[in-house]
Amino acid sequence: MAYYCVQAMRTGFDVFSGYKFGKMTEGKWIKRMIFLETVAGVPGMVAAMVRHLNSLRKMKTDHGWIHTLLEEAENERMHLMVALQLRQPGALFRGAVLFAQGIFVNMFSIAYLISPHFCHRFVGYLEEEAVKTYSMCLQVR
């Protein structure tokens, strides 16, 4: 199920980013990477928040998972900061990011509350798709 959810998101994103039609220019690649990184930081932050609240409610430690997940979210944010050195997106792009994050944060939060296992699988498949995208970018160059 997680795999098919990632594939559905990928298909929509491929259309949105111009990946499926036309030639991928340097600008399109950078926009694609920036957008990917704005969404990639969400799962770690959401998972850390849910685990943090769960730990507070149960009044028990989580054995370091919160910090690990926050580090992952920060790592993704640093990827974004590097990509932003190459290009500064405009207002329309930033609006699209705001919209996508609004939907993704809420959907991923609900999914994480229902099934953390599903969400961790989802993130694994999502990272695999990111590797495919970056590999394709390097091959084209």
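Helix α1, one of the helices taken as DSSP runs of H or I of at least four residues and numbered from the N terminus, has 15 residues and reaches 21 Å from its first C-alpha to its last, close to the 21 Å expected at 1.5 Å a residue, the expected span being 1.5 Å times one less than the number of residues. The structure is a predicted model, in which local features need pLDDT of at least 70 and side-chain atom pairs count only at pLDDT 80 or more, whereas totals for chains, interfaces and linings use all residues. Residues are numbered from 1 along each chain as its sequence is written, and side-chain values use heavy atoms, with hydrogens and water left out.

The buried residues of α1 are A2, V6, R10, F13 and D14, where buried means under 20% relative accessible area, exposed over 50% and partly exposed in between, for a 1.4 Å probe and protein chains only. These residues cover an arc of only 100° around the axis, which puts them on the same side of α1; the arc is that of the directions from the helix axis to the C-beta atoms. The face of α1 turned away from this buried side carries the exposed residues Y4 and A8. What covers the buried residues of α1 includes α2 and α6, contact being defined by heavy atoms within 4.5 Å. Just after α1, G18 takes a positive phi of about 80°.

Helix α5 (residues 91-114) has 24 residues and spans 35 Å between its first and last C-alpha, close to the expected 34 Å. Its buried residues are F93, V97, A100, F104, F108, S109, A111 and Y112, and what covers them includes α1, α2, α3 (42-58) and α6 (116-140).

The largest nonpolar core, that is, a set of buried Ala, Val, Leu, Ile, Met, Phe, Trp, Tyr and Cys residues joined through side-chain atoms within 4.5 Å, has 27 residues, and those with the most contacts inside it are I34, F35, V46, F104, F108, Y112 and F122. Helices α1, α2, α3, α4 (65-84), α5 and α6 each supply at least two residues of this core, and α5 gives the most, with 7 residues. Leaving aside neighbours within four places in sequence, F122 is in contact with A2, C5, V6, M9, F104 and F108.

A second, separate core of 5 residues includes Y19, M24, M33 and C137. Within this set, M33 lies in helix α2 (residues 26-40) and counts as buried because its relative accessibility is 15%. With neighbours within four places in sequence again left aside, M33 is in contact with Y134 and C137.
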